[in-house]
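Please open the model in your viewer and keep the selection panel at hand. The tour below goes from the ligand to the open pockets and then to the enclosed cavities.

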Amino acid sequence: MEKAKYIWMNGEFVNWDDAKVHILTHTLHYGNGVFEGTRAYKTQKGLAIFRLRDHTKRLLNSAKITAIKTPYTLEELEKAQIELLRKNDFDGNVYIRPLIYLGYGVMGLYHINAPVEVAIAAWKWGTYLGEEGLEKGIRVKISSFARNSVKSTMGKAKAVANYLNSQLAKYEAIEAGYEEALLLDEEGFVAEGSGECLFIVRDGVLITPPNDNSLESITQDTVLRIARDKNIPIERRRITRDEVYICDEAFFTGTAAEVTPIREVDARVIGNGARGPITKELQEAYFDVVYGRNEAYEHMLTYI
Ligand SMILES: Cc1ncc(COP(=O)(O)O)c(C=O)c1O
């Protein structure tokens, strides 16, 4: 990881190496914290944060779901992210990681008296699943782990605790020689990747599951808007594992993963084993949007 100069912690800009926490930080022990992952792209008009408001809203909603009272407003958190990018003076694309966590001072599960801390880090980050993956597609394994049950955890929150499930699925996939995991829900329908949502294409129709068992993905929403503008037919419905095997094209969407084609699932080649034509069209359109090359989507960018 490439260090930046400053990290924002509870209203102060702290030197990167000094942004530390106590070992008895509540979240480290009991896993109640929420975070975001947001990207800023180097556009022709300078660095621009993509869908800042939507990411910051989701952060506050995540905290509400896990019963954490955030001591900052939406506007204050947006301003902090903009100022952090300005102060760090980045010369490339950036990933922003806001984190709301419970700090030091109270132990035991009843968390309500623990101090609520907020930190925002940002660093230069390239592609998540590799440049080659963006062009040629990645190999995916259906996980032996079911996605966290909605009966016991809450997938609309980008909660740190939800990522143990993601982490173990990702670990299993990589150790088995794949690049990413696809998790099914407890009924066997596609939920999401370890950090992405899934799209498939069948007979020219773009299909993605509803967000019943996945995060309300901002990238998925962006791709759906682009597809609507291009008059590509869309279906939002459940997908089974065997339908993924026989689809014409498949791809993942996520802030980190952007639009990543899938060329193989469980040793079944998807389509012709390369990035499909609709995937390519949507991927190119997505990059035009985030890099500020499509005026109709300019409102999604916050220039810093
Ligand atoms: C579990 C999970 N699903 C889906 C996504 C995609 O969401 P977004 O497009 O808002 O980044 C992410 C990444 O944030 C994620 O962690």
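Begin by selecting tyrosine 163 together with the ligand: in this predicted model, a polar side-chain atom of tyrosine 163 lies 2.5 Å from an oxygen atom of the ligand. Add threonine 219 to the selection, where an N or O atom of the side chain is likewise placed 2.5 Å from an oxygen atom of the ligand. Arginine 58 comes next, with a side-chain N or O atom 2.7 Å from an oxygen atom of the ligand. If you then switch on a surface, you will find that the protein covers 96% of the 380 Å² of accessible area that the ligand has on its own.

Now widen the view to the ligand's surroundings, which comprise 15 residues. The closest of these are Tyr163, Glu192, Ser217, Thr219 and Thr255, and several of these names will return at later stops.

**The largest pocket**

Select Phe35, Lys158, Tyr163, Ser194 and Gly195, which are the closest to the centre of the largest pocket among the 30 residues that line it. The volume of this pocket is about 650 Å³. To see which elements frame the space, colour β6 (94-102), α5 (163-175), β10 (190-193), α6 and β14 (249-254), each of which gives two or more residues to the lining. The largest share, five residues, comes from α5. By class, the lining of the largest pocket divides into twelve nonpolar, eleven polar and seven charged residues.

Where does the largest pocket lie with respect to domain 1 (6-124) and domain 2 (131-290)? Colour the two domains separately, and you can follow the reasoning on screen: both give residues to the lining, so the largest pocket lies between them.

**The second largest pocket**

Move on to Ala19, Val21, Leu99, Tyr101 and Ala119, which are the closest to the centre of the second largest pocket out of the 16 residues that line it. Its volume is about 340 Å³. Here the elements to highlight are β1 (6-9), α1 (26-30), β6 and β7 (116-124), each of which supplies at least two residues of the lining, while β7 gives the most, with four residues. The lining of the second largest pocket consists of 13 nonpolar, two polar and one charged residue.

**The cavities**

For the last stops, turn to the enclosed spaces, of which a search of the whole structure finds two of 30 Å³ or more. The largest cavity has a volume of about 100 Å³. Select Arg147, Met154, Gly155, Asn162 and Glu192, which are the closest to its centre among the 14 residues of its lining. That lining holds five nonpolar, six polar and three charged residues. Glu192 was already selected as one of the residues closest to the ligand.

The second largest cavity contains about 40 Å³ of space, and you can display its lining in full by selecting Arg39, Tyr41, Phe50, His55, Ile218, Thr219, Thr255 and Tyr286. Two elements, β4 (38-43) and α6 (218-229), each supply at least two residues of this lining, which by class has four nonpolar, three polar and one charged residue. With the domain colours still on, note that domain 1 (6-124) and domain 2 (131-290) both give residues to the lining of the second largest cavity, so this cavity lies between them. Thr219 and Thr255, which help to line the second largest cavity, are also among the residues closest to the ligand, and with them the tour returns to its starting point.

Terms used:
Residues numbered from 1 in each chain as written. Predicted model: local features only at pLDDT ≥ 70, side-chain atom pairs only at ≥ 80, totals over all residues. Heavy atoms only, no water. 1 Å grid on protein atoms, 1.4 Å probe; cavity = no way out; pocket = protein on both sides within 12 Å on 5 of 7 lines; lining within 4 Å. Points joined across faces, edges and corners; volume = space filled by probe spheres on them. Nonpolar A, V, L, I, M, F, W, Y, C, P; charged D, E, K, R; others polar. Domains from an automatic or database assignment. Near = heavy atom within 4 Å. Polar contact = N/O pair within 3.5 Å; in protein donor to acceptor, adjacent residues only side chain to side chain. Areas by Shrake-Rupley, 256 points an atom, 1.4 Å probe, with all protein chains shown as cover.
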